[in-house]
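Reader: Could you pick one part of this thing and take me through it closely, then show me what sits around it? I'd like the cut-offs too, please.

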Amino acid sequence: MHDTSSAHKKPLRPWDAAPAMWRLLRDPDDTRHVFTIIEALSFRELERTRDRMRRSADGRRILRERPDLLVSLRDRAALAAMPEGSLGRAYLAFLDAEGITADGLVSASIEGSTDTAPASGDEAELFYVGDRLRDTHDLWHVVTGYHGDLLGEASLLAFSFAQTGTPGVGFIAAMGWLKAAALAARELIVGGYHRGRTAAWLPEQPWETMLALPLSEVRARLRIAPPPPYEPLRTRDIEPGSLARWERTERPLAA
């Protein structure tokens with residue numbers, strides 16, 4: 001998940017992040033708390049992301065035209081008609097495998113945020129950047145190869161922190177690392193950070209035009225190697241009452 005608010009002008013609010021983190025540990029599938037944490041622990045990350053986008057041709061075009069990526073991601077028929085092996089088909093398969101929709105994060109971000117998007121001006125541009133980061137989250141899942149399970153989310157958040165430097169994202173990834181007691185699980189999360197450091201910068205990518213391209217070609221363009229195999233860990237796998245005590249014994253990674 002990514003910052004979707006104007007929290008860049010607000011002071012850090014750890015007193016809001018702490019109870020949200022506790023609730024997230026109680027229910028890792030409730031993504032509303034993710035957005036609350038990110039908003040409470042963000043400062044100027046959206047401004048820095050926007051400013052970096054302004055320094056590239058693709059970034060400037062996106063900021064100028066403000067394409068609505070959700071329109072493409074909501075069109076299941078168009079995605080299903082894309083070539084086999086394309087990013088769009090892989091994205092649709094990811095949604096179906098996880099039992100989610102393109103609108104799921106939108107609803108969670110609205111419920112987890114206290115901000116209202118302005119109609120125009122600099123603030124509106126920053127909200128657009130935040131919303132685009134949110135809307136591309138599951139595309140980042142697809143290109144990195146991380147499932148939507150607990151370990152996959154923590155690894156992608158580590159990847160995202162390396163890309164954007166958002167403190168709230170890094171905090172949640174760090175908590176995931178602490179809860180993942182198995183060495184292999186911790187290595188997967190740390191690997192997410194390193195992959196994020198070596199990949200192309202994803203916030204400025206023209207995702208709308210890449211959906212029909214082969215996923216292998218998109219990964220090559222983004223300098224993202226094939227994903228490491230691992231055994232997904234779902235909430236149902238967590239021992240009842242453990243407060244997200246993810247791994248207590250070493251488990252072999254498997255494809």
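Author: Let's take helix α11, residues 150-164 (helices are DSSP runs of H or I, at least four residues, numbered from the N terminus). Its 15 residues reach 21 Å from the first C-alpha to the last, close to the 21 Å expected at 1.5 Å a residue (that is, 1.5 Å times one less than the number of residues). This is a predicted model, in which local features need pLDDT of at least 70 and side-chain atom pairs count only at pLDDT 80 or more, while totals for chains, interfaces and linings use all residues. Residues are numbered from 1 along each chain as its sequence is written, and side-chain values use heavy atoms, with hydrogens and water left out.

α11 is mostly covered, with 14 of its 15 residues buried (buried means under 20% relative accessible area, exposed over 50%, partly exposed in between, using a 1.4 Å probe and protein chains only). At its N-terminal end, D149 acts as the cap, placing a side-chain oxygen 3.2 Å from the backbone nitrogen of L151. After the helix comes G165, with a positive phi near 70°.

D149 turns up again when you look at R195, which sits in helix α13. R195 is buried yet has no salt bridge (a side-chain nitrogen of Lys or Arg within 4 Å of a carboxyl oxygen of Asp or Glu), and D149, the nearest side chain of opposite charge, is 11 Å away. What R195 does have is a polar atom of its side chain 2.9 Å from the backbone oxygen of T144.

Elsewhere, pairing is easy to find: a search of the whole structure gives 16 salt bridges. In one of them, R54 and E125 meet at 2.7 Å, N to O. R54 lies in the loop between α3 and α4 and E125 in helix α9, so this pair ties together parts that are 71 residues apart in sequence. E125 is buried, at a relative accessible area of 10%, whereas R54 counts as partly exposed at 38%. Both belong to a salt-bridge network that links R50, D51, R54, D122 and E125.

Another pair is D103 with R74, whose closest N and O atoms are 2.6 Å apart. Here D103 lies in the loop between α7 and α8 and R74 in helix α5, so parts 29 residues apart in sequence are tied together. Both ends count as partly exposed, D103 at 29% relative accessibility and R74 at 42%.

Note on methods. Helix = DSSP H or I, 4+ residues; strand = E, 2+ residues; numbered from the N terminus. Polar contact = N/O pair within 3.5 Å; in protein donor to acceptor, adjacent residues only side chain to side chain. Lys, Arg positive; Asp, Glu negative; His and termini not counted.
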